[in-house]
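Please look through the structure below with the sequence beside it, going from the overall fold to individual side chains. The paragraphs after it offer one route through the model.

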Amino acid sequence: EGIADFWRRWHISLSSCLRDYLYIPLGGNRGTTLFVARNLMLTMLIGGLWHGASWTFVFWGGYHGALLIADRHWSAARTRATAPAWHRHARQAVTFLLVMIGWVFFSSPTFGTALGLLHAMVIPRAGTAIVGSGTLVVMLLIAAGVAHGARNTFEMRHEWSPRMVSTLTVLFLGCLVAMYGAHASPFLYFQF
């Protein structure tokens, strides 16, 4: 549901390694709020550096560290039992958006490139009416549709209504049209 849940479920081997060999030896959840925040930030900064010796990777790790600290603080301040029903879907959508922003820095060779990509994601330019904020909206609608049909990240219902299938198909085709108008990008891990 939130960024902590994302890290529990995404890249489980890396998450387990970071938890077992960095976070827990640093003190884990024991200690003051500031001490736990320090442990989270150091763990994620080192996790970012593990991906490559580039400032964009370090920033990506720090970004996720800050998200985990904010998520921990926010979750402690609000219990899930008292949250309204729409709260889970809103958390999933916000988590999706924040993770996608983080991937921009992860895949960019420089901060200038990352900022240019973020700018292009949210502010359309002349001649690219289909690419830009419209693409972001379509992708968020697809994510919301999938999240609505899922009980959790890995357990999908397979009894989708014809209306849901039609909606997702139209949104998927919208993404294809948007990607067709965009420049091709090389495979991310080709350099490894």
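What follows is a walk through a predicted model, beginning with its overall make-up and ending with the packing of two helices.

The protein contains 8 helices and 0 strands, so that, read from the N terminus on, its elements run α-α-α-α-α-α-α-α. Buried residues account for 31% of the 192 residues in the protein. If one takes the contacts between residues at least 6 apart in sequence, 55% of them join residues that are at least 24 apart.

The interior is a natural place to continue. In soluble globular proteins, nonpolar side chains tend to be buried together. In this model the largest nonpolar core has 16 residues, and the members that touch the most other members are Ile3, Phe6, Trp7, Leu40 and Leu68. At least two residues of this core come from each of α1 (3-9), α2 (12-26), α3 (33-51), α4 (55-77) and α5 (86-107), while the largest share, 5 residues, is supplied by α4.

Two residues help to show how these helices meet. Once its neighbours within four places in sequence are left aside, Ile3 is in contact with His64, Leu67, Leu68, Asp71, Thr95 and Val99. His64, one of these partners, has its place in helix α4 and is buried, its relative accessible area being 1%. Not counting residues up to four places away in sequence, His64 touches Ile3, Phe6, Trp7, Met44 and Val99, and of these Ile3, Phe6 and Trp7 are also among the core residues that touch the most other members.

Charged side chains add another kind of link. Side chains of opposite charge can pair when their charged atoms come close. The model has 4 salt bridges, counted by a distance rule, and Asp5, Arg8 and Arg9 are linked in a network of such bridges. Within this network, Asp5 forms a salt bridge with Arg8, where the closest N and O atoms are 3.9 Å apart; the cut-off for such a pair is 4 Å. Both Asp5 and Arg8 lie in helix α1, 3 residues apart, which is about one turn of the helix. Asp5 also meets Arg9 in a salt bridge, with an N to O distance of 2.9 Å, and because Asp5 and Arg9 are 4 residues apart in helix α1, they are separated by about one helical turn.

How do the members of this network stand with respect to solvent accessibility, buried or exposed? Asp5, at 13% relative accessibility, counts as buried because the limit for that class is under 20%. Arg8, at 53% relative accessibility, counts as exposed, whereas Arg9, at 26%, counts as partly exposed.

A further salt bridge joins the side chains of Arg91 and Asp71, again with an N to O distance of 2.9 Å. Arg91 lies in helix α5 and Asp71 in helix α4, so this pair ties together parts that are 20 residues apart in sequence. Both Arg91 and Asp71 are buried. Asp71 is, in addition, one of the residues in contact with Ile3.

The last stop is the packing of α5 against helix α6 (residues 111-122), where the two helices pack at an angle of about 145° and their axes are 8 Å apart. The crossing in which α5 passes α6 is right-handed. On the α5 side, Ile101, Val104 and Phe105 take part, and they meet Phe111, Ala114, Leu115, Leu117, Leu118 and Met121 in α6. By class, this contact has 9 nonpolar, no polar and no charged residues.

Leu117, found in helix α6, gives a closer view of this contact. With neighbours within four places in sequence left aside, Leu117 is in contact with Val104 and Ser108. Leu117 and Val104 are 13 residues apart in sequence, and their C-alpha atoms are 7.1 Å apart in space. Is Leu117, at 39% relative accessibility, buried, exposed or partly exposed? Leu117 counts as partly exposed because its 39% falls between the limits of under 20% for buried and over 50% for exposed.

Conventions: Residues numbered from 1 in each chain as written. Predicted model: local features only at pLDDT ≥ 70, side-chain atom pairs only at ≥ 80, totals over all residues. Heavy atoms only, no water. Core = buried A, V, L, I, M, F, W, Y, C linked by side-chain atoms within 4.5 Å. Buried < 20%, exposed > 50% of the residue type's maximum accessible area, 1.4 Å probe, protein only. Contact = heavy atoms within 4.5 Å. Axes fitted to C-alpha atoms, helices over the stretch in contact; angles between N-to-C directions. Left-handed = near helix turned anticlockwise from the far one by under 90°. Nonpolar A, V, L, I, M, F, W, Y, C, P; charged D, E, K, R; others polar.
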